[in-house]
Amino acid sequence: VADRVWSVSELIASLREEAARSGRRVIDLGQGTPTDPTPAVVQAAAAAATDWPGYPPAHGSASLRDAYSRWAHRRWGAAVDPAQVLATAGSKEFIATLPWLLGLGPGDVVVVPELAYPTYAAGAELAGCRVVAADSLTALGPQRVALLWLNTPGNPTGRVLPEEHLAKVVSWARERKVLVVSDECYAELTPPGPPAPSILAPRVCRGDFTGILAVHSLSKRSTMAGYRIGFACGDPDVVARLLTRRRDVGLLAAGPSQDAARAALDDDVHVRRAQRDYARRRAVLADAVRTSGMAVADSQAGLFLWASAGRSDRDTVRRLAQVGVLAAPGGFYGAAGRSHVRFSLTASDADLADAADRVAHISWHDR
Ligand SMILES: Cc1ncc(COP(=O)(O)O)c(C=O)c1O
């Protein structure tokens with residue numbers, strides 16, 4: 001684990017130096033960190049929650065978990081008992097510590113998507129598990145699987161898994177007693193309209209959360225990455241076991257963040273605005289990327305544009321750095337991404353337009 005770079009900001013540090021040498025202002029589309037302001041309704045709730053002398057509830061406050069239940073019902077018609085919800089300090093810590101807190105270890109297989117956010121593998125490897133990258137269930141054959149990760153809309157591809165696919169995975173996993181965890185941290189960052197399908201939706205899990213967990217986050221949906229707040233929700237036995245262990249090791253969401261999160265979950269207005277903002281930015285960048293001769297793949301939703309210049313990811317990110325634009329090399333997310341790059345849509349409209357203009361003028365034929 002120690003030998004591998006697991007964070008994209010660390011990975012692109014040398015590219016950042018190369019981009020700085022270009023003499024142009026560096027525009028970072030490599031990292032997916034939000035830059036729009038945190039919604040005023042959230043800031044107001046946080047400002048009213050600064051007096052927290054005691055420890056916050058490890059489970060998440062009752063009012064926060066109620067707000068989550070209302071939200072999951074509005075979004076997917078899911079009937080969530082607030083006892084089945086767990087507040088987390090952002091979703092990354094939950095993802096990284098899950099195999100360990102479940103007591104998994106050497107001999108246990110954790111399945112991750114072929115192109116995936118690296119923390120699924122980081123957490124599995126920290127616990128000593130064996131990581132298998134596979135998108136198809138048939139590719140797994142008869143081997144025993146302990147935990148299977150899904151991610152929709154996906155990082156880095158922006159691919160949305162349809163309800164039928166989620167339902168198929170759930171029934172496959174239930175037959176084999178495999179825990180399925182669906183990371184849906186970008187669920188609402190879709191084109192304006194309904195969210196991406198969730199594993200919690202009745203049409204997917206039939207109103208039964210046995211053997212499933214959903215992971216949600218407010219980092220991107222509500223531009224609250226600095227508040228460190230997210231959720232896990234699903235199988236009541238798994239949630240209860242994780243709650244005890246997380247409390248034991250002090251993994252809790254901060255009190256003011258819990259109050260701010262309640263306000264964020266109750267508000268749909270800022271989410272609709274974010275959907276429009278990201279749809280506009282996606283269209284501007286996709287246009288420029290295509291003009292330059294790159295091909296866009298997937299990229300229906302989420303925070304990223306996934307594209308290929310038909311050459312290696314390293315070559316592509318270097319050429320982009322020469323015009324002061326940072327992108328993440330696709331190979332970082334899995335071998336299948338070695339001829340793709342990931343552009344983040346989190347820059348301001350002005351920066352994104354500037355980056356798009358520079359990208360549109362790249363000729364991929366001369367080096
Ligand atoms: C797919 C995916 N899951 C989880 C996270 C973690 O987000 P956070 O810890 O801010 O909730 C990220 C962050 O980039 C991500 O891309």
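**Close-ups of the ligand site, pockets and backbone oddities**

By the grid rule used here, the count is 1 cavity of 30 Å³ or more. This is a predicted model, so local features need pLDDT of at least 70 and side-chain atom pairs count only at pLDDT 80 or more, while totals for chains, interfaces and linings use all residues. Residues are numbered from 1 along each chain as its sequence is written, and side-chain values use heavy atoms, with hydrogens and water left out.

**View 1. The largest cavity and its lining.** On a 1 Å grid over the protein atoms alone, a cavity is a set of points where a 1.4 Å probe fits but cannot get out, and lining residues have an atom within 4 Å of a point. The largest cavity holds about 50 Å³ of space; such a volume is the space filled by probe spheres set on the points, with grid points joined across faces, edges and corners. Look for Trp71, Glu184, Cys185, Tyr186, Ala187, Glu188, His216, Ser217, Leu218 and Arg221 around the largest cavity. That lining splits into 5 nonpolar, 2 polar and 3 charged residues (Ala, Val, Leu, Ile, Met, Phe, Trp, Tyr, Cys and Pro count as nonpolar, Asp, Glu, Lys and Arg as charged, and the others, Gly among them, as polar).

**View 2. The largest pocket, where the ligand sits.** A pocket is an open set of grid points with protein on both sides within 12 Å along at least five of seven lines. "Sits" has a rule too: more than half of the molecule's atoms lie within 2 Å of the grid points. The largest pocket offers about 570 Å³ of space. Of its 29 lining residues, Gly32, Lys92, Tyr117, Tyr186 and Lys220 are the closest to its centre. Helix H5 gives the most to this lining, with 3 residues (helices, H or I, of at least four residues and strands, E, of at least two are DSSP runs, numbered from the N terminus). The whole lining comes to 13 nonpolar, 11 polar and 5 charged residues.

**View 3. The shell around the ligand.** There are 15 residues around the ligand, and Ser91, Asp183, Tyr186, Ser217 and Ser219 come nearest; "near" calls for a heavy atom within 4 Å. H5 (residues 91–101) gives the most to this shell, with 3 residues. By type, the shell has 5 nonpolar, 6 polar and 4 charged residues.

**View 4. Oxygen atoms of the ligand and their polar partners.** A polar contact here is a pair of N or O atoms within 3.5 Å. A polar backbone atom of Lys92 lies 2.8 Å from a ligand oxygen. From the side chains, a polar atom of Asn155 is 2.8 Å from an oxygen atom of the ligand, and one of Lys220 is 3.1 Å from an oxygen atom of the ligand. Taken alone, the ligand exposes 390 Å², and the protein buries 91% of that (Shrake-Rupley method, 1.4 Å probe).

**View 5. Cis peptide bonds in the loop between E5 and H7.** Most peptide bonds are trans. The bond from Thr152 to Pro153 is cis, with omega near -15°, and Pro153 is in the loop between E5 and H7. Asn155 and Pro156 are also joined by a cis peptide bond, with omega about 15°; Pro156 lies in the loop between E5 and H7.

**View 6. A positive phi at Asp298.** Most residues other than glycine have a negative phi. For Asp298, phi is near 45°. You'll find Asp298 in the loop between strands E9 (295–297) and E10 (304–308).

Notes: Polar contact = N/O pair within 3.5 Å; in protein donor to acceptor, adjacent residues only side chain to side chain.
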